[in-house]
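Here is a guided look at a protein model, written for someone who would rather be at the bench. Keep the viewer open and follow along.

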Amino acid sequence: MTRRLLVVGLGNPDRGDDAVGAMIARSLAGRLPAGAALRERAGDMLSLIDDWHGYDAVICIDAAAPAGEPGRIHRLDAARDALAPDLAFASSHAYGLAEAVALARQLGLLPRDLVIYAVEGLGFEAGAPLSAPVAASLRVASERVAAEAQRLARHGAAAQA
Amino acid sequence: MATRKTIRVDYLARVEGEGALDLHIADGKVTEARLNIFEPPRFFEGFLPGRSYTELPDIVARICGICPIAYQMGAVHAVENAFGVTVGGQLRALRRLIYCGEWIESHALHVVMLHAPDFLGYPDAIRMAAEHGEVVKNGLFLKKTGNEILRILGGREIHPVNVRAGGFYHAPTRADLAPLAEMLKRSRDIAVDVVRWTAGFPFPDFTQDYEFVALRHPDEYPFNEGRLVSSRGLDIDIAEYENEFEERHVAHSTALHSVLKKRGAYLVGPLARYALNFDRLPASIQALAREAGLGPVCADPFRSITVRGIELVYACEEALRIIADYDPPSGGSVAVEPRAGTGYGCTEAPRGICWHRYDFEADGVIRAARIVPPTSQNQPSIEADLKGVAQALVDAPDDVIRGRCEQAIRNYDPCISCSTHFLKLRVHRA
């Protein structure tokens, strides 16, 4: 039986590299396993806890704060590992992705599999396009998420580890 | 020997946006409390001129992801005021319903997720959830209910797109609203529990002599309409706002400070609305407030958490009433014909009055815009509270003062992003 899969692109599509989550999500239209849901979410990340209710597996794609290697693609198994407290995603709101995951874990509301792909950003100016290093990593990031989606639809994230 | 010290918070958590706080203490007296707002100005009033009134609701919705309806409602009421349009009946009721949604999602987020941990001694709602998991889950359900109202009436949860001058681009059917009623019934019961839960919190002994300012309507708890009144006799049409209030630049904040020209600091938001409109609440909610230890006026800013709970109950009940009475209109909006003129809008955002004025050309193009958000209006009162709260604890260790001051700021649910328009605390002792 196929597992219920959700892929969510996170971030503000009008703020430089914060758009990378939405852009990767858009690139995945038509390339996900049959029955998988594809969604974008900007702003309030607490609503993610509702978004992933009822799904066996979820992939979140977000921009990570600059750490010296823009365009680098990070893969995190959030259902298995606690996110490092100093992990910085790009959100100015009181609750970002890391807080939503920590709260859901505390409340027992995490999906069985939750994998986060985070692309390290360079600039987050309002109205700016993607930076060159992030734009250059788009295709590879999209392919990795597509492959992860196929894997998660068939097996759990542990199969990747 | 004279002693001085400074306590500083460089970044305040559990608020929307970024700011800091500086406290100066000399010889056992708090000499200064400054709320430093350093978010960059956003220039909405600068780029609205030249745009059409038809674009206005969608542009101002972008001022805030938490309270976009406040900005949209202020804007469309100002447009209609300028063009001589009146929106009544079911369309007016739908505007109250979408505002209920915004109050529910905003108040639920603040009361349960941001403010309650202060009173129970947790650093955040995540740690609080370990022992109060059901309350947190219920808070998330309340918030979801508010978001759902925005999604169904506004087209989407964040920065809704269905609001226009004259009404809505699309009016919902009865079937669209039916699932909301089921969520609202459960949310109303949760909100009553939230009132009782917060009423049992430990509150510091602290009240202030505020001048409350809020809208007052002849027969409704206010959302979109009413006269602007205060607890010290102000009673004006919203068009007269600039005669009585002014905004001042202060060096330590990118947000303007609003004051009453004649009397200085004033308070907007839940405490003000409640004190000036207690008699407009249904008897059952008045009784709940009394059961929670509130009189018809509450001047304790820490108890604002319970007053927000009361407003959550009201918003759920009002939304249920509107849905039960809903008779879909034949169209989503009434006709709007632009003309040259000036229009005013003033509505009750979750954090207090949000005032708008626009000048329009004959073709409806905006010539000038002015928007006064609630958090900038409350800044002088926040600083006065900080001084009072810190003075009562002046001999306590700095981290105790710092914690209480952060809690005092969160009493206001400040939306710093809107106010620039927020927080880091520095206590200066020497």
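Which strands of chain B does helix H12 (residues 374–392) of chain B lie across? Helix H12 of chain B lies across E11, E12 and E13 of chain B and runs at about 130° to E12(B).

## Before we start

This is a predicted model, in which local features need pLDDT of at least 70 and side-chain atom pairs count only at pLDDT 80 or more, while totals for chains, interfaces and linings use all residues. Residues are numbered from 1 along each chain as its sequence is written, and chains are lettered from A and ligands numbered from 1 in the order in which they are written.

## Chain B as a whole

Chain B has 14 helices and 14 strands; these are DSSP runs numbered from the N terminus, with at least four residues for a helix (H or I) and at least two for a strand (E). The C-alpha trace of chain B spans about 75 × 45 × 35 Å along its principal axes.

The radius of gyration of chain B is 21 Å, which agrees with the value near 22 Å for a compact globule of 430 residues. That radius is taken over C-alpha atoms, and the globule rule is 2.2 Å times the number of residues to the power 0.38. Of the 430 residues of chain B, 55% count as buried. Buried means 20 or more other C-beta atoms within 10 Å of a residue's own, exposed means 12 or fewer, and partly exposed lies in between, with C-beta atoms placed from the backbone.

## The nonpolar cores

In soluble globular proteins, nonpolar side chains tend to be buried together. A nonpolar core here is a set of buried Ala, Val, Leu, Ile, Met, Phe, Trp, Tyr and Cys residues joined through C-beta atoms within 7 Å. The largest one has 159 residues, and those with the most contacts inside it are Val7(A), Ile59(A), Ala100(A) and Val313(B). Helix H4 (residues 89–120) of chain B gives the largest share of this core, 14 residues. Another core lies apart from it, with 21 residues, among them Val30(B), Ile382(B), Ile401(B) and Tyr412(B).

## The sheet under H12

Back to those strands. They form an open sheet of three in the order E11-E12-E13 (chain B), with antiparallel pairing; two strands pair if DSSP finds at least two bridges between them. Strand E11 (341–349) and strand E13 (366–372) of chain B are the edge strands, each pairing on one side only. Six bridges join strand E12 (residues 352–360) of chain B to E13(B), and Tyr358(B) stands opposite Ala369(B) in E13(B).

Helix H3 (residues 68–83) of chain B also lies across E11 and E12 of chain B, at about 150° to E11(B). Angles run from 0 to 180 degrees between N-to-C directions, and axes are lines fitted to C-alpha atoms, for helices over the stretch in contact.

## Where H3 meets H4

The axes of H3(B) and H4(B) come within 9 Å and cross at roughly 150°. The two helices are therefore roughly antiparallel to each other, a label for angles over 145 degrees (under 35 is roughly parallel, 65 to 115 roughly perpendicular and the rest oblique). Residues in contact have C-beta atoms, placed from the backbone, within 7 Å. Ile69(B), Ala70(B) and Met73(B) in H3(B) meet Arg95(B), Ile98(B), Tyr99(B) and Glu102(B) in H4(B).

Ser106(B) is found in helix H4 of chain B. Is Ser106(B) buried or exposed? Ser106(B) is buried, with 27 other C-beta atoms within 10 Å. Not counting residues up to four places away in sequence, Ser106(B) touches Ile66(B), Cys67(B) and Pro350(B).

Methods. Two residues are in contact if their C-beta atoms, placed from the backbone, lie within 7 Å.
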